[in-house]
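Take a first look at the protein shown here. The report below walks through its main features in short steps.

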Amino acid sequence: MNQTKVNKLLVVVVVFLIVSLTYIWFVRKEKSGIPSTNTSVTSELSYAPNEWKTWTDNFYTESSGENFSYELRYPRDFDALGGESAFGGFIGTNYVNLAFPKDAFQTPKTNYGEAYLAISVGTDKLSLDGCYENPKTGKQFSDTELINGTLFHTGSIQDFAAGNIYDSKIYRVLVDVRCLEIARTIHTSNISNYPAGTVTEFDQANAISVLDQMIGTLTVANSTKTP
């Protein structure tokens with residue numbers, strides 16, 4: 001065998017070894033759980049529902065003898081703000097705000113601000129009379145959605161404040177003498193506030209997908225206390 005053929009054979013062997021070793025490295029990397037350097041936003045949102053926590057609130061109306069409660073599940077790393085720290089509702093009293101952690105959606109750099117669900121309950125006359133009214137337009141909600149046996153009236157609003165945009169979808173239902181509201185909000189800043197090319201438009205679909213999964217776990221229960 002002449003030298004030229006030997007050299008070609010050696011090249012083929014070397015290439016084969018490189019390809020084989022590269023393949024083996026990738027296989028071992030996947031099995032060992034080493035994170036990929038090409039992590040997308042979607043992979044950051046792979047929450048396992050079986051590891052979620054549960055938020056619940058219970059109410060009792062002495063005048064009617066009604067017991068009312070709701071329950072909602074959420075990812076364990078979410079920020080849960082209850083009581084006086086709760087915010088984000090459009091009616092009555094805020095009871096809880098369940099938000100993505102502050103370090104969510106860091107890569108790539110976008111105009112993302114925050115994303116959360118807010119639950120509030122209104123018992124005053126204004127809240128009860130306007131339970132099914134859009135807080136922005138005053139018009140009746142035109143859509144409904146059945147969630148675990150409870151029919152909610154729904155509508156969307158958009159607010160602007162100092163270069164910030166708040167896109168919200170509102171779900172409301174009258175239960176006994178209460179208007180229960182759950183609001184899904186995505187807060188972004190105006191993309192024109194940034195130097196051209198420094199940030200990209202936040203893809204809301206990823207955040208909405210997780211928040212909608214949470215809404216899908218919402219259960220509402222009410223019963224009358226037996227004298």
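How do the residues of the lining of the largest pocket divide into nonpolar, polar and charged? They divide into seven nonpolar, three polar and three charged. Here Ala, Val, Leu, Ile, Met, Phe, Trp, Tyr, Cys and Pro count as nonpolar, Asp, Glu, Lys and Arg as charged, and the others, Gly among them, as polar.

This is a predicted model, in which local features need pLDDT of at least 70 and side-chain atom pairs count only at pLDDT 80 or more, while totals for chains, interfaces and linings use all residues. Residues are numbered from 1 along each chain as its sequence is written, and side-chain values use heavy atoms, with hydrogens and water left out.

**The pocket**

The largest pocket holds about 160 Å³ of space. A pocket is found on a 1 Å grid over the protein atoms alone: it is an open set of points where a 1.4 Å probe fits, with protein on both sides within 12 Å along at least five of seven lines. Lining residues have an atom within 4 Å of a point. Grid points are joined across faces, edges and corners, and the volume is the space filled by probe spheres set on the points.

The lining has 13 residues, and the closest to the pocket centre are Asp79, Ala99, Phe100, Lys102 and Glu114. Three elements give two or more residues to this lining: β3 (79-82), β4 (93-99) and β5 (112-122). Strand β5 gives the most, with four residues.

**The overall fold**

The protein has four helices and ten strands. Helices (H or I, at least four residues) and strands (E, at least two) are DSSP runs, numbered from the N terminus. Along the sequence the pattern reads α-α-β-β-β-β-β-α-β-β-β-β-α-β.

Of the 227 residues, 36% are buried. Buried means under 20% relative accessible area, exposed over 50%, and partly exposed in between, with a 1.4 Å probe and protein chains only. The protein exposes about 13500 Å², and carbon and sulfur atoms supply 55% of this area. Accessible areas come from the Shrake-Rupley method with a 1.4 Å probe.

Contacts also reach across the sequence. Among contacts with a separation of 6 or more, 59% join residues 24 or more positions apart. Contact means heavy atoms within 4.5 Å.

**The disulfide**

The structure holds one disulfide, a term for a pair of cysteine sulfur atoms within 2.5 Å. Cys131 and Cys179 form it, with their sulfur atoms 2.1 Å apart. Cys131 sits in the loop between α3 (125-129) and β6 (143-147), and Cys179 in strand β9 (residues 178-189), so the pair ties together parts 48 residues apart in sequence. Why is the disulfide right-handed? The torsion about the S-S bond of Cys131 and Cys179 is about 80°, so the disulfide is right-handed. Both ends are covered: Cys131 is buried at 1% relative accessible area, and Cys179 is buried at 0%.

**Single residues**

The table places five residues and gives their relative accessible area.

| Residue | Place | Relative accessible area |
|---|---|---|
| Ser69 | strand β2 (residues 66-74) | 19%, buried |
| Phe105 | loop between β4 and β5 | 5%, buried |
| Ala162 | loop between β7 (150-161) and β8 (164-175) | 82%, exposed |
| Glu51 | loop between α2 (41-44) and β1 (53-61) | 44%, partly exposed |
| Ser192 | loop between β9 and α4 (204-215) | 56%, exposed |

Start with Ser69. Leaving aside neighbours within four places in sequence, Ser69 is in contact with Asp57, Asn58, Thr219, Val220 and Ala221.

Backbone angles come next. Phi of Phe105 is near 55°, a positive value in a residue other than glycine. Ala162 also has a positive phi, near 50°, and is not a glycine either. The loop between β4 and β5 also holds Pro108. The peptide bond from Thr107 to Pro108 is cis, with omega near -5°.

Two pairs are apart in sequence, with these spacings in space. Glu51 and Pro75 are 24 residues apart in sequence, and 7.0 Å apart from C-alpha to C-alpha. Ser192 and Gly163 are 29 residues apart in sequence, and 8.8 Å apart from C-alpha to C-alpha.
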